[in-house]
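This briefing covers one protein chain, from its strand pairing to its overall dimensions. The sequence and the model are shown first.

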Amino acid sequence: MRIVKLLVISVVFLFLLVTLISVFIPSHVRVSKAINVDAGLPEVYGMIAHTGNWKEWYPPMQDSTIKFSVEADSNTVMLNDTRVMITGREKNAITGEMISAGGTRVKTGWNILYVAQQDSVTVQWFMDFKMKWYPWEKFSSLFYESMYGPQMEYGLRNLKAEAEKSPAGQ
C-alpha cells in the first residue's frame, strides 16, 4: 500500500512539474523560411496564388506517395486527408490554412517582398501553429522547425528554380 501511495504521489508530482515547465513554452509558434528569386513579382505571385501551379514546386505534390487533387474552386488542394486552402490574396501576400483529417488547423502564407531597384523578389513562407495548454502539445512544438523547415526550404528552392526558368524571370 505504501509503494502504491508513493507511486501515485510521484506520478502526480511529475505531471505537475512537466505542466509547470510547459507554461514557459509559447503557445504560438511560427516557422518561417525565405529565399531571393531572380524573377519578377507577377511570375512569382502567379506560381503561389494559383494552386494549379503548385505541382511544379509545392513539396507534398512532388512526393509520389501523396495523392493530391486541385478542387474546382482552384483555391483548395487535397493532399491525402489534408485540405490546403487559399483564404486570401493581397498585392504581395497569399494566406492560407491547412486542415488535417483530425481537424488540426495551421495558418500558412507567403509574403512577397519586392524592391523596384532590384531585379529580384524575396519570398517568405510561414506556418503559424497555435497549441492548447496541454504539455505534450507544447513540447511537440519544439520540433516543428526540424519537421517543417526542411520541407519549406525544399519548396522555396523549387519555386526559385521554376520562376527563374520562365522567360519573364530572366
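**Strand pairing around E7**

Strand E1 (residues 28-37) and E7 run antiparallel and are joined by 10 bridges. The model is a predicted one, and the points below describe E7 and its partners before turning to the protein as a whole.

- Strand E7 spans residues 121-130. It is mostly covered, with 7 of its 10 residues buried.
- On the E1 pairing, Lys33 stands opposite Trp125 in E7.
- E7 also pairs with strand E6 (residues 105-114), through 8 bridges and again in an antiparallel arrangement.
- On the E6 pairing, Trp125 in E7 is the bridge partner of Trp110.

**Fold content**

- The protein contains 5 helices and 7 strands.
- Read from the N terminus, the order of elements is α-β-α-α-β-β-β-β-β-β-α-α.
- Among contacts with a separation of 6 or more, 53% are between residues 24 or more positions apart.

**Overall dimensions**

- The radius of gyration of the protein is 21 Å, whereas a compact globule of 170 residues would have one near 15 Å.
- The C-alpha trace spans about 80 × 35 × 25 Å along the principal axes.

**Surface, burial and charge**

- Buried residues make up 36% of the 170 residues of the protein.
- The exposed area is about 10500 Å², of which carbon and sulfur atoms supply 61%.
- There are 17 positive and 16 negative side chains in the protein. The centres of these two sets lie 11 Å apart.

Terms used
Residues numbered from 1 in each chain as written. Predicted model: local features only at pLDDT ≥ 70, side-chain atom pairs only at ≥ 80, totals over all residues. Heavy atoms only, no water. Helix = DSSP H or I, 4+ residues; strand = E, 2+ residues; numbered from the N terminus. Rg over C-alpha atoms; globule rule 2.2 N^0.38 Å. Buried < 20%, exposed > 50% of the residue type's maximum accessible area, 1.4 Å probe, protein only. Contact = heavy atoms within 4.5 Å. Areas by Shrake-Rupley, 256 points an atom, 1.4 Å probe, with all protein chains shown as cover. Lys, Arg positive; Asp, Glu negative; His and termini not counted. Charge placed at Lys NZ, Arg CZ, Asp CG, Glu CD. Pairing = 2+ DSSP bridges.
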